Amino acid sequence: MTQNIDLKCFPYSYEELERLAAENTSPEAFDYVQSGSSTEQTLRTNVQAFSSYAFKPRVCTGTKAVDSKIEIFGKEYPFPIFFAPVGNQKVVHPEGELASARAAKRLNVPYIASTVSSHTIEEIAEASGNGDRWFQLYATKDQDVTNSLISRAEKNGYTAIVLTVDMAPSWRVKDMRNQFLPAEMVKELLTEEELNDLFNYETYLGLAPVKVDEVLASYYNSPYAKEEGK
Ligand SMILES: Cc1cc2nc3c(=O)[nH]c(=O)nc-3n(C[C@H](O)[C@H](O)[C@H](O)COP(=O)(O)O)c2cc1C
């Protein structure tokens, strides 16, 4: 397993991993993935809250029976850590979600595909092959669009829906500073008109009055729903 890994460069800690990511991605991509919105207070609070969790050592109980397996939805997985939905992954690598889906399959855990993936539902399903995959849904006001997404997910072997309900337009200072617009990345998937109408810089920055569900619906109306024209 380790034979192709340069162990001197291998990141042994989160900080090293973060440093390597910074060195190997564009500043815009790094900031998009790493930063939080506004003053980043929520990001700091989350990190702090997470650090209050600890492993509880159970000593003198024997080590042979250590088992991290879990069962969910009638299936067994080797550990309870899955691939969280992360959109726009092409920003960090051209293979984006396809590579992540393949990695999840190799690890035998579900890949959770984001609604705003930079590859289509069908392409990700193909990359995931016989691996487990779930679909993360941003529901829109347009029920037809939502239904279309769900039915494409079903048709393409996604076995669960992960419903995200907390997305809101945010004021992301680093993206603003970098003039970074994730929609730029999916340019080839959008018509010029949609890009101009809905993903101009002002809109992205939240300066123009725009409803998130309308923005998302515009996404769905072309690239992500190309199968059913929704
Ligand atoms: C760059 C980035 C993109 C994300 N994209 C999505 C997304 O498209 N859909 C979604 O439901 N959550 C998305 N998330 C949220 C993650 O799935 C996850 O819930 C969140 O990052 C909290 O987990 P963490 O503390 O391990 O980062 C994204 C997070 C990041 C950092």
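A nonpolar core here is a set of buried Ala, Val, Leu, Ile, Met, Phe, Trp, Tyr and Cys residues joined through C-beta atoms within 7 Å. Keep that handy for the exercises, and remember that this is a predicted model.

**Exercise 1. The core**

Work out which residues of the largest nonpolar core touch the most other members, and which elements supply the core.

*Solution.* Start with the members: there are 17 residues in this core, and the ones touching the most other members are Ala101, Tyr111, Ala113, Ile121, Ile124, Phe135 and Ala153. Next, look at who contributes. Two or more residues each come from helix 4 (96-107), strand 3 (111-113), helix 5 (121-128), strand 4 (133-137) and helix 6 (143-155). Helix 5 is the top donor, giving 4 residues. Finally, zoom in on Tyr111: leaving out residues up to four places away in sequence, Tyr111 touches Phe83, Ser100, Ala101, Ala104, Ser128, Gly131 and Arg133.

**Exercise 2. Two helices crossing**

Describe how helix 4 and helix 5 pack: what is the crossing angle, and is the crossing left-handed or right-handed?

*Solution.* Geometry comes first: the two axes come within 8 Å and cross at roughly 35°. The crossing of helix 4 and helix 5 is right-handed. Now list the residues making the contact: helix 4 brings Glu97, Leu98, Ala101, Arg102 and Lys105, while helix 5 brings Glu123, Ile124, Ala127 and Ser128. Sort those by class and you get 4 nonpolar, 1 polar and 4 charged.

**Exercise 3. Two positive phi values**

Cys60 and Asn88 both have a positive phi without being glycine. Find where each one sits and decide whether each is buried or exposed.

*Solution.* Take Cys60, with phi of about 55°. Cys60 lies in the loop between helix 3 (41-50) and strand 1 (70-72). Count its neighbours: 4 other C-beta atoms within 10 Å. The cut-off for exposed is 12 or fewer, so Cys60 is exposed.

Now Asn88, whose phi is near 55°. Asn88 belongs to the loop between strand 2 (75-77) and helix 4. This time the count is 20 other C-beta atoms within 10 Å. Buried takes 20 or more, so Asn88 is buried.

**Exercise 4. Around the ligand**

Identify the residues surrounding the ligand and tally them by class.

*Solution.* Walk along the sequence and collect the shell: Val33, Ala84, Pro85, Val86, Gly87, Ser114, Val116, Gln136 and Thr164. Then tally: 5 are nonpolar, 4 are polar and none are charged.

Key: Residues numbered from 1 in each chain as written. Predicted model: local features only at pLDDT ≥ 70, side-chain atom pairs only at ≥ 80, totals over all residues. Near = placed C-beta within 6 Å. Nonpolar A, V, L, I, M, F, W, Y, C, P; charged D, E, K, R; others polar. Contact = placed C-beta atoms within 7 Å. Axes fitted to C-alpha atoms, helices over the stretch in contact; angles between N-to-C directions. Left-handed = near helix turned anticlockwise from the far one by under 90°.
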